[in-house]
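This briefing covers selected residues, grouped by topic. Please keep the sequence and the model at hand while reading.

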Amino acid sequence: MGTTPGEPTYTVTAEGAHDFARNSGNVTAKVGDVAEFDQVLTDDRIYVRGGTGTETMPWSYTDRADAKVQHMLRPPGNDAAHLLRQASMSSGYERFGTEKVAGAATTRYSAPLSHKALAFNMTKEARGKSDQLRDMMGGEIPVTTDVWVDAEGRAVRVRLSLDIPGSVSSTTTLTLGDLGLAVEVTVPTAEGSEDSEAFSG
């Protein structure tokens with residue numbers, strides 16, 4: 001997650017499965033050694049449960065349409081589709097040679113991320129902060145999009161990175177594996193979950 005000089009660095013890791021055709025998936029996310037959350041994404045909702053240490057919460061949910069970006073380069077609900085959407089909004093990709101990703105031969109392409117893509121689906125507050133940072137920079141915020149594509153033309157890794165020396169830095173990386181395998185998503189029952197207006201993606 002983005003940090004400013006003098007503040008600690010926060011690392012969020014998430015692993016799961018996603019069915020892009022049905023816009024659904026499941027993921028377990030960890031914030032360092034501090035917190036762990038289970039999430040289920042459906043076309044309509046994002047369910048979440050978990051907590052910090054011995055304090056845990058049961059399943060709660062928010063409407064997926066209400067899940068907005070609160071921090072730059074941090075997809076709401078750890079939504080892999082959101083990150084791919086941002087990458088697809090970039091243009092002017094240049095080829096940067098071949099590399100291996102998870103054992104697969106890939107070609108890496110790189111392009112600047114437009115402000116429109118950066119601010120995609122942001123909250124009003126987050127959008128205001130990004131606009132303010134852009135004005136301070138006197139132009140586009142320097143975010144780089146890197147996409148690794150395999151021999152079949154499939155994206156197997158996407159990385160968005162921002163580094164403004166003396167100001168803020170943040171990197172988000174999505175690695176896709178086991179492409180084409182079926183994804184089973186178990187949705188929490190309505191009786192076992194509660195609506196949550198305080199959901200934070």
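In which loop is the place of Val-34? Val-34 sits in the loop that runs between strand E2 (24–31) and strand E3 (35–41). The model is predicted, and the points below describe Val-34, a negative surface patch, two residues with positive phi and a helical histidine.

**Val-34 and its surroundings**

- Val-34 has a relative accessibility of 56% and therefore counts as exposed, the cut-off being over 50%.
- Once neighbours within four places in sequence are set aside, the contacts of Val-34 are Gly-51, Thr-52 and Gly-53.
- Between Val-34 and Ser-90 there are 34 Å in space, C-alpha to C-alpha, and the two are 56 residues apart in sequence.

**Negative surface patch**

- Four aspartates, Asp-43, Asp-44, Asp-63 and Asp-66, form a negative patch on the surface.
- One of them, Asp-43, belongs to the loop between E3 and strand E4 (45–52).
- Asp-43 is classed as exposed because its relative accessible area is 51%, and exposed means over 50%.

**Positive phi outside glycine**

- Ala-102 is not a glycine, yet its phi is positive, at about 50°.
- The loop that holds Ala-102 lies between strand E6 (94–101) and strand E7 (104–112).
- With 76% relative accessibility, Ala-102 counts as exposed.
- Asp-178, also a residue other than glycine, has a positive phi near 50°.
- Asp-178 is placed in the loop between strand E10 (168–175) and strand E11 (194–195).
- The relative accessible area of Asp-178 is 62%, so Asp-178 is exposed.

**His-82 in helix H1**

- His-82 is part of helix H1, which spans residues 80–88.
- Is His-82 buried or exposed? His-82 counts as buried because its relative accessibility is 5%, and buried means under 20%.
- Not counting residues up to four places away in sequence, His-82 touches Val-69, Pro-75, Pro-76, Phe-120 and Asn-121.

**Recap by residue**

- Val-34, in the loop between E2 and E3, is exposed, and its contacts include Thr-52.
- Asp-43, in the loop between E3 and E4, is exposed and takes part in the negative patch.
- Ala-102 and Asp-178 are exposed, and each lies in a loop between two strands.
- His-82 lies in H1 and is buried, with Phe-120 among the residues that it touches.

Methods: Residues numbered from 1 in each chain as written. Predicted model: local features only at pLDDT ≥ 70, side-chain atom pairs only at ≥ 80, totals over all residues. Heavy atoms only, no water. Helix = DSSP H or I, 4+ residues; strand = E, 2+ residues; numbered from the N terminus. Buried < 20%, exposed > 50% of the residue type's maximum accessible area, 1.4 Å probe, protein only. Contact = heavy atoms within 4.5 Å. Patch = residues over 30% accessible without salt bridge, like charges linked within 9 Å, V, L, I, M, F, W, Y side chains within 5 Å. Areas by Shrake-Rupley, 256 points an atom, 1.4 Å probe, with all protein chains shown as cover. Salt bridge = Lys/Arg side-chain N within 4 Å of Asp/Glu carboxyl O. Lys, Arg positive; Asp, Glu negative; His and termini not counted. Charge placed at Lys NZ, Arg CZ, Asp CG, Glu CD.
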